[in-house]
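Biologist: Please take me through the salt bridges of this model in detail, with the surroundings needed to place them. I should like one connected account rather than a list.

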Amino acid sequence: FDPELAVEAVRQRTTRLIFTSPEACVSGRLRKVLEEAAASHWLENLVIDEAHLVETWGAFFRVDFQVLSSLQRKWLASHGARLRTYLLSATITPECRTTLQNLFQSVGPWREFVNQRLRPEMIYYDHFFPFASDRDAAVRECAWHLPRPAIFYTTEVDEAKSLHNRLKHQEGFARVECFHGETPPRERRNLLERWRRDEIDLMVATSAFGLGVDKPDVRTIVHACFPEDLNRYYQEVGRGGRDGIS
């Protein structure tokens, strides 16, 4: 999709809804037209999905997640603009809640809606391995025997590359790929398209493979690592079973 078409659609007021990234708003082509839309009171709602990333990714990895809050305040102050901001996430900790409330201003009262719910279709299993060799052997068995499509998560990029190399070149899996924070944008798009078209059985990934990954029939999630925290773990196991099948 041509980004200029999106910019022009906002400028000409021919669209009422646009999906974009924080980077496009903060430092990209949309910034100027969004400022104009806010000044003319045409920009009414700012919706940030996966808002927990404002705290986690926004601190170091993608700082525009947090810089977006300064733009939101500017839009609110723009000639008395009345902008409503919605912050949505399945995993907001008390610390994240405080961060979001400090970053994003509100016209009128700050309202929170909380629905605590564990997805019933998930089946969890965990095992602690005292030695890395034992863990690696168990991961190998998972790759051979657990249902697919499957995602194998690691914490570090080098771990993802190493696991991908073992599965592809030592175990001989042909339909296995790797997705991490260093994957170039063009390759990311290609991998996501092939993943959605069922051309990949095993995806080895870091937490970079999570946001916006919405394939409904993922059957298995394997963590060959300790996730940084419980919220990341819940987000990543949530990639599986989205069609409601255990």
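Modeller: Helices and strands are here DSSP runs of at least four and at least two residues respectively, numbered from the N terminus. On that basis the protein chain of this predicted model has eleven helices and six strands. Its C-alpha atoms occupy a box of roughly 60 × 40 × 35 Å along the principal axes. The chain comprises 246 residues, of which 39% count as buried. Of the contacts between residues at least 6 apart in sequence, 69% join residues at least 24 apart. The exposed area of the chain is about 14900 Å², with 54% supplied by carbon and sulfur atoms.

I turn now to the charges. The chain carries 33 positive and 35 negative side chains, and the centres of these two sets lie 6 Å apart. The structure holds 23 salt bridges, and three of the pairs are described here.

One of them joins Arg 166 to Asp 136, with the closest N and O atoms 3.6 Å apart. This pair links distant parts of the chain, since Arg 166 belongs to helix H9 (residues 157-170) and Asp 136 to helix H8 (residues 132-145), 30 residues apart. Arg 166 counts as partly exposed at 23% relative accessibility, and Asp 136 is also partly exposed, at 27%.

Another salt bridge connects the side chains of Arg 175 and Asp 201, at 2.9 Å from N to O. It too spans distant parts of the chain: Arg 175 lies in the loop between H9 and strand E4 (176-179), whereas Asp 201 lies in the loop between helix H10 (185-196) and strand E5 (202-205), 26 residues apart. Arg 175 is partly exposed, with a relative accessible area of 36%. Asp 201 has a relative accessible area of 19% and therefore counts as buried, because the limit for that class is under 20%.

Glu 193 and Arg 197 form a further salt bridge, their closest N and O atoms being 4.0 Å apart. These two residues belong to a network in which salt bridges with shared partners join Glu 177, Glu 193, Arg 194, Arg 196, Arg 197 and Glu 199. Glu 193 is partly exposed at 40% relative accessibility, and Arg 197 is partly exposed at 46%.

Two residues outside these pairs complete the picture. His 223, in strand E6 (residues 220-223), is buried with a relative accessible area of 18%. Its side chain makes a polar contact of 2.7 Å with that of Glu 236. Beyond residues up to four places away in sequence, His 223 touches Tyr 153, Tyr 233, Glu 236 and Val 237. Tyr 153 is 70 residues away along the chain, yet its C-alpha atom is separated from that of His 223 by 4.8 Å.

Gln 72, in helix H6 (residues 64-77), has 0% relative accessibility and therefore counts as buried. Setting aside neighbours within four places in sequence, Gln 72 is in contact with Leu 46, Leu 83, Thr 85, Phe 104 and Gln 105.

Methods. Residues are numbered from 1 along each chain as its sequence is written. This is a predicted model: local features need pLDDT of at least 70, side-chain atom pairs count only at pLDDT 80 or more; totals for chains, interfaces and linings use all residues. Side-chain values use heavy atoms; hydrogens and water are left out. Buried means under 20% relative accessible area, exposed over 50%, partly exposed in between (1.4 Å probe, protein chains only). Contact means heavy atoms within 4.5 Å. Accessible areas come from the Shrake-Rupley method with a 1.4 Å probe; for residues, only the protein chains shown count as cover. Lys and Arg count as positive and Asp and Glu as negative; His and the chain ends are not counted. The place of a charge is taken as NZ of Lys, CZ of Arg, CG of Asp or CD of Glu. A polar contact is a pair of N or O atoms within 3.5 Å; within protein, one must be able to donate a hydrogen and the other to accept it, and residues adjacent in sequence count only if both atoms are side-chain atoms.
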